[in-house]
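Here are a few exercises to work through with the structure open beside you. Try each task before you read its solution.

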Amino acid sequence: MIEICDLVKEYRAGGGKAVRAVDGVSFHVADGEMVGLLGGNGAGKTTTMRIVATLLAPTSGVARVAGHDVRTDPIGVRRSLGYVSATTGVPDRLSPREVLDSSGRLHGIDRRVLADRIADLSASLDLGGFIDRPCGRLSSGQRQRVSLARALVHDPPALVLDEPTSTLDVVGARDLFAMLQSLRAAGRTILVSTHRLHEIEHRCDRFVVIDAGRIVASGSRAELVAGRTGGLEEAFFATIGGGAA
Amino acid sequence: MTSPHPTGGWPARLAIASRDLLEFIRDRRALFITLVMPMAMYPLLALSSTLGIRTAILELDRRQESRQLHFVFSGAEAEALAIRIGALANRSDGSPEGWPETVTVRVVDPTSAQSLIDEGAADAWIDVPGDSLATLDGAGTLPLDVRLSTSRPPDRRVKESVLAVMRGLADEARLTRLRRAGLPASLIEPLRVDFTGDLPQGSAAAVRDILPAVTAAVLVLLALLTATGAFYPAIDAIAGEKERGTIETLLIAPCPMFDVVVGKFLAVFAVTLATLAANAISIVLTSTVLGRFLPGGMAASLRAGDLAACGLLTLISFVGLAAVAAALCLTVTAAAKSAKEAQNTLTPVVMLIAALAGAALLPGAEGRRWLPAVPFAGHVAVAKSMLSTFGGLDTDGRPQAAVAQPAMNIPLALATSILSSLAITWLLLSVTATIVANEEILFRGPEEATRGLRRPPRRGVPTIWQGCGTVALGFAALWYAQGLAPRAFVPALIVQQAVAVLLPLLAVAWWQRVDARETFALRWPGTPWPRTAAAVVGAALLGGGLFVVGAAAALATWRGEVSAEAKQFAGQLVSLVRGGTIVPAVLLLAVMPAVCEELFFRGWVLSACAGRRPAPRRAALAVVAQAAAFAAFHLLPERMPQTFMMGLVLGMMTLATGSLLPAIVAHAVHNATPVLLVATATAADLESSAQAAACLPPWSVAAALGCLAVGTALIVVSRQGRHTETDGT
């Protein structure tokens, strides 16, 4: 569903010097799979996610979602995925219903179909208690649920979530991953990035560890922790060369 | 399982627009400032200006009122002259033209007359000399000394009344003389003008005088306030979304970036239109109320129905303005990372809109065909023309179309304005889409916002933008220098050179950290020294020759018909040179401007435009550009052709020699030539040349052309071998 091959992204730093944020990254996420993209701050996770979501153009390499190339068919990519950013990105002065309605109309969904879709999402993501309240008055967890609902409003086959738990407390993070697992169970493909390893250690099918723009390890939890006494966290630090926490 | 629904196009644009509008409407503070403030502002402005308008109307009224003149006569024939004036006043065919409604004459002795005039009991005192009537009726000229009262506030009307009475007396005397000579009265009246109809009187006339100016000022204010209606929604539309972190989720909408931007534009445009409507309604209501507080003529003229028509006409002509303002605000805020940054970027927009809207009121602007196509200026001009043609009011409440010829073809102008607005809006939205899609702008760090203000790294010569910026700064400084400079000629010259030329140049050069030697060409024109000498002598000959040839051309072109400013400048120059010693005059008028202006134009501007080692085409363009700036800097139209030519020659000379020294020498000699000519001329020479505005003698022009030829040859000689040396080093 999501294919990334030899992806490179260069930025221009001060003085015109080129900096490689992503340096030859290649991995894929199969249909119905949930993959965790792990890495510290500045590792290249967000840049990779933004390329997949068509917010950034790759310097070189290929990124495809549901067969649509991010370079040649960005509209097709956007119709095939739902994107959730770390900041939730919901307007304070609109209610969740208005956010979903606006997003659905942007995706060209018929009004009656959209109303049913909003009702379904409200029920499945438990938005009912606050669906007509301004988003500015919602808690971080509620806002992230609205953000997830918006990403799902056009019923995309793939979901890309960039550090979705960074503003959530433990309970909120647990609830969000529970929802993601139920979405994966329903057949959706999910790529999620985070640097809070304990949250996703037992929830993803596979992990891709990225450091300084390069993939340093990948595989299932069992493959990554094989031969080590600790869990995913120890394996992560070992692969990026940062030592045990 | 890709979403099967069609996306993009107008449904997506309207979805974004309605989302943004909903957000804006829920921001009560922005809503209040954008829509409610205008409703409160116009009444407040009207209240504060009512007194001024009322005073102006009453003053105009007063000028229309009948005038009275109180004379006091003394002298031997005072009584006889008073009788003559009385007879004129009571003439059967009416008083002479301009005659005051009431003229009273008191005949007293000189002491009493002096007292009356000192106390202000009389307007004017004439001590009538003996044989006055004999002189009037004879063939001589009667000299009359009229003393006006100085105890009252100065009133030009008293002098006008006295002159009208005296004109009447003189006309009567002329007729008497003609009759005596047996000549017809028509001898001195080759033309008589009779008017049919009448001009409005009193407050009605005052309103007609004031209304166009008030309307024009209100239209400029309306243009500015309409544009400010776009500020808040434009800031919120892109910069606000970035600040709140909501932009990313919008940018992954399945539609082209242009659709996203058009959606945003529609929301901003809707708010701007609402602001325009709120302003127009407020203006109409305020004008209706204002009319009740003003003198009767005004109140009668400003009828509610006509005012509503005016409001509607303004709305129609300003729709394009609202669109351009909305698109412009969106464009300039698109690159901002936060609302605060966006606000800063909008400040120059206010200045731009005010300048363009105000330009529509310049004399003669309304007649220009292309004016309706110019944003803001065109909108104001079309609105003004529409109001004066269809919505303008005369005292009877008739549309002014019946009495006035439109300054422009209204349907064509309106169509041009709307089409131009559409094109400009589309262009701006395309630019906005490009800016928003630019990921380096979209995801840049906060420090990038002030990149343009960071002190740049050291470089050899300034960039072309730094050159243009300094010229703009110089013009701004020149504007203020005109206002700040003292009236005295010498301090004014020093302030002008220091403030408008040297100060901006030093400030920018210091900030930009350029290589001063390379930028200002601070090197000798050639080595060994004979080449430098040849260049300097050649430059001096060129400078002197240029002045004489330029002066000859100017005299032939203008033939003495020069502006008052040019005459004043020439007079001040002559006074300075003739009133002091020659050396300070040469230093002040020749050396100082030569050094300052050459550093500025042939140093900074030329090197910025030409760059290092320019190709011939770029060098030519650079020389023309700096010469044009140099000519414009001298303000006086009469001097511009001459200064432009001089700028061309000095620019080429600087590039040819690689040194600023020849240009400074040529400029100094050019300016010193008239100083030396004035200093050595006799008073008779000056008098005759001032009166005749004579052409220069042919031999002087021939000599000047010779100087130009020899000077050019010397410059060419000094240049030989230069490239070889430069390449060798």
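Two residues are in contact if their C-beta atoms, placed from the backbone, lie within 7 Å. The model used here is a predicted one.

**Exercise 1. Find out what share of the contacts in chain A with a separation of 6 or more comes from residues 24 or more positions apart.**

Start with the inventory: chain A holds nine helices and 10 strands. Next, take the contacts with a separation of 6 or more; 65% of these join residues 24 or more positions apart. To complete the overview, look at burial: 51% of the 245 residues of chain A count as buried.

**Exercise 2. Work out the strand order of the open sheet in chain A, and say which strands stand at the edges.**

Step one is the order. The sheet has six strands, arranged S6-S7-S8-S3-S9-S10, and the pairing is mixed.

Step two is the edges. Strands S6 (81-84) and S10 (214-219) of chain A each have a single partner strand, so one side of each is left without a neighbour in the sheet. From one strand to the next, the twist averages 15°.

Step three looks at one pair inside the order. S3 (residues 34-38) and S8 (residues 189-194) of chain A run parallel and are joined by five bridges. In this pair, A:Leu37 stands opposite A:Ser193 of S8(A).

**Exercise 3. Identify the strands that helices H6 and H9 of chain A touch or lie across, and give the angles.**

Take H6 (residues 170-185) of chain A to begin with. H6(A) packs on the sheet and touches S3, S7 (158-162) and S8 of chain A. The direction of H6(A) makes about 155° with that of S8(A).

Now turn to H9 (residues 232-240) of chain A, which lies across S3, S9 (206-211) and S10 of chain A. The angle of H9(A) to S9(A) is about 35°.

**Exercise 4. Locate A:Asp126 and A:Ala212, and decide whether each is buried, partly exposed or exposed.**

Some background helps: most residues other than glycine have a negative phi.

A:Asp126 has a positive phi of about 60° although it is not a glycine. A:Asp126 sits in the loop between H4 (111-124) and H5 (140-152) of chain A. Count the neighbours: 15 other C-beta atoms lie within 10 Å, so A:Asp126 is partly exposed.

A:Ala212 also has a positive phi, near 50°. The loop between S9 and S10 of chain A contains A:Ala212. With 16 other C-beta atoms within 10 Å, A:Ala212 is partly exposed.

**Exercise 5. Describe the side of chain A that touches chain B.**

Begin with the counts: 32 residues of chain A are in contact with 26 residues of chain B. The elements giving two or more residues to this side of chain A are H2 (74-80) and H3 (96-106) of chain A. H2(A) provides the largest share, five residues. By class, this side has 14 nonpolar, 10 polar and eight charged residues.

**Exercise 6. Classify the packing of helices H21 and H22 of chain B.**

First, the geometry: H21 (residues 582-610) and H22 (residues 616-633) of chain B pack at about 140°, with their axes 8 Å apart. Angles over 145 degrees would count as roughly antiparallel; H21(B) and H22(B) are therefore oblique to each other. The crossing of H21(B) past H22(B) is right-handed.

Last, the residues: among those making the contact are B:Phe601 and B:Leu606 of H21(B), and B:Ala622 and B:Phe630 of H22(B). The contact residues divide into 10 nonpolar, one polar and two charged.

Methods
Residues numbered from 1 in each chain as written. Chains lettered and ligands numbered in written order. Predicted model: local features only at pLDDT ≥ 70, side-chain atom pairs only at ≥ 80, totals over all residues. Helix = DSSP H or I, 4+ residues; strand = E, 2+ residues; numbered from the N terminus. Nonpolar A, V, L, I, M, F, W, Y, C, P; charged D, E, K, R; others polar. Pairing = 2+ DSSP bridges. Axes fitted to C-alpha atoms, helices over the stretch in contact; angles between N-to-C directions. Buried ≥ 20, exposed ≤ 12 C-beta atoms within 10 Å, placed from the backbone. Parallel < 35°, antiparallel > 145°, perpendicular 65-115°, else oblique. Left-handed = near helix turned anticlockwise from the far one by under 90°.
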